[in-house]
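Trainee: I should like to take a close look at a single part of this structure. Please guide me through that part in one connected account.

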Amino acid sequence: MTAGTKIRNLMRLFDASDAPVWAIGPDGKLVYLSAATAVWLGIDVETLLDRRAVAGSPVSDDPMDQLAATLSAPPGLLARGTASLRVQPHLPSKSGSPAVHRIESLDVRFVRIGQNESTIVFAIGGDFDDRTTNEDLTDAALIRQQLDTWRKRHSSIATIATVGTSLASRRTRSRLQVAASVRSHLGFFGPTGSASESIARHIHHANADREPLVMVDGPLMDPELLDASIVSAINQLTDSPDALATVIVRELDDMPIDAQRHLVHLVDLFDDRFRVIGLCCDKPTILNEALIEERELPHKLSIETDAVPRQLISDLVEMVGALTITLEPLASRVKDIPLLASAILDARRAAGEGRAERIGRAAMDSLVVYPWPSNFDELDAAIRHAIRIAPGDSIGPEHLPLAIRSYHPHAKPQSEKVTTISLDKKLEAYEMKMIESALEATDGNRAAAARALGITRSRLIRRIEAELKSKDEKSS
Amino acid sequence: MSERASTSLDISPEIVSPEVVWIVCEDGSRWVETVRCFCLGGATNSVRVSVRIADEDEVLGLVNSLLRRPKRTVFVVWEMTPKTLAVKCRAITTLALTAPQILQIAAVTAIPMRYRSILSEFGATLQIRQPEEMQAIALRLNEQVLPGLARLR
């Protein structure tokens, strides 16, 4: 070894380490073995210096030569540059007896330094974790692969909210494919925050891109305000018999009844050149026309309003019911959450909102178990929050909003139990069990069984006949 | 102890509510939270569902004590890790031999693909990779498998 000042410090550090380290010189001979190697092998390592440690080369009968050979790097190391091997040295006995002294095996990482004739190899023993793949990265790569596949297959309806592999998302996509291919009235039914508006816009652009589009807030409308809101579209429809227009009505089922009727009237007036895309809650009811008079607006304004069921008039139901798209709540399509979250992250990152490239598995687990009362919109907000505060490549649970990262599910036992137990029936069953036991004990002798039970024979027979009758009734 | 005393009585199946017990055997809390989140999916109101945590050496005893009560179905979720693979495989096999009606689910996130295929040989009926898969599994068990198991008992 070179005896310079600096190399001596390095050797001292190697010797102080508890990991066995050795070096093989360009000629394939051992040039250095650390103190921990001596402890591991249980010999004075000076005796191994300058002995050949080349895999596959001939070895003499000298036990030290054979031990040195077990420390050689695996074949192909010079080409690969690095290799891992579990080294199992053994020390043959000098007397020539077949018994060998086995030394504890050790995981060793071999590293080649240099590529020419001065190449040396370092061998370092210990536990190395880098051979196992990072679960987070593997998982993120798998999700990205699924996302890319989805984007390729569903480019025509590729809104983020429809990403997923669950049955619900596949069903929704099938309907969206139909909706994107034909221009017709459309009804979206789904819970709050299920991104129905963005999907509706996407569908509109897919099948009627040049057609004017008007957005209307259903609950705020009355017939006059509706006319005022869509006046530009109405003017175009009036001016040209070939003109087309679409209105997307938010919360259509919460729109006042007279405004709903006016909307139907407009559609009739322009003979379906005027298209309605209605966004409704997941379970609207059809209005009972007979009760309209009773369900007028309250006479006085109050903050505490009664919960009025969302209703659609039957004409409107017929219209938007021609093609409906049901959006499932996010909590019922948990399988899609990793894909949805990753798709949102991609979009946010592309918009320059943050640096994070992936969502760590722990954060993903938090997203998966959270119930998502506000559905897709809440997930979108959570990812937006996380990407803005995550400093690195990966989003961890600590970057998620407090409500999500602190949520812990608790299985609540079902409240309803079987509480209706008939005591008479239980007594009858017990009585019958006793009778059966007695009959079994007396080999079917009814008189003996009755005596054993302390009852009359006729009572025993009555009881058996009643049981048989009851069984016949049950079976019939 | 009280559990043993109550279950040793000859309880007639007609007077007890059906019950599903999920036993989770893991180091952290990842799978117990997952099970708690999704175990009620598809279960009818008459079924009581509970989740218990146990170490691998406690599972067998716990299952045996639970099964003394009629109309009780037990599902066991095992978190498989490279370090505990051998121990858990042995526990799975023992449980499969002792109580073959128990459905055992192996959570295999942390173990390499080549080891996953052998788990069914030991007695793990289902394998789950990530928590999001549990919703569909629990739903299927509660809606389809549970009525079938109840009929068999």
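Which residue of S14(A) does Phe188(A) stand opposite?

Mentor: In this predicted model, Phe188(A) stands opposite Ile325(A) in S14(A). The two strands concerned are S8, residues 186–189 of chain A, and S14(A), and they pair in the parallel sense over 3 bridges.

This pairing belongs to an open sheet of 5 strands in chain A, with parallel pairing and the order S9-S10-S11-S8-S14. At the edges stand strand S9 (213–217) and strand S14 (324–326) of chain A; each has a single partner strand, so one side of each is left without a neighbour in the sheet. From one strand to the next, the twist averages 15°.

A helix also packs on this sheet: H7 of chain A, residues 196–207. Helix H7 touches S8, S9, strand S10 (245–250) and strand S11 (274–280) of chain A, and its direction makes about 155° with that of S11(A).

The nonpolar cores place this part in a wider setting. The largest of them has 110 residues, and those with the most contacts inside it are Ala341(A), Trp22(B), Val35(B), Val76(B) and Val77(B). Helix H12 of chain A, residues 337–350, supplies the largest share of this core, 7 residues. Once neighbours within four places in sequence are left aside, Ala341(A) is in contact with Ile359(A), Met364(A), Leu367(A), Leu379(A) and Ile383(A). There is also a second, separate core of 23 residues, which includes Ile24(A), Val45(A), Leu67(A) and Ala68(A).

Chain B deserves a brief view as well. Its elements comprise 7 helices and 5 strands, and from the N terminus on they run α-β-α-β-α-β-α-β-α-α-β-α. Of its 153 residues, 38% count as buried. Among the contacts in chain B with a separation of 6 or more, 71% are accounted for by residues 24 or more positions apart.

Helix H4 of chain B, residues 85–98, offers a detailed example. This helix has 14 residues and reaches 20 Å from its first C-alpha to its last, close to the 20 Å expected at 1.5 Å a residue. Lys88(B), Cys89(B), Ala91(B), Ile92(B) and Leu95(B) are buried in H4(B). Seen down the helix axis, the buried residues of H4(B) fall within an arc of 165°, so they line one face of the helix. They pack against helix H3 (56–66), strand S3 (72–79), strand S4 (103–107) and helix H6 (119–122) of chain B. On the other side of H4(B), Ala86(B), Val87(B), Arg90(B), Leu97(B) and Thr98(B) are exposed.

Technical notes: Residues numbered from 1 in each chain as written. Chains lettered and ligands numbered in written order. Predicted model: local features only at pLDDT ≥ 70, side-chain atom pairs only at ≥ 80, totals over all residues. Helix = DSSP H or I, 4+ residues; strand = E, 2+ residues; numbered from the N terminus. Expected span 1.5 Å × (residues − 1). Buried ≥ 20, exposed ≤ 12 C-beta atoms within 10 Å, placed from the backbone. Arc of directions from axis to C-beta. Contact = placed C-beta atoms within 7 Å. Core = buried A, V, L, I, M, F, W, Y, C linked by C-beta atoms within 7 Å. Pairing = 2+ DSSP bridges. Axes fitted to C-alpha atoms, helices over the stretch in contact; angles between N-to-C directions.
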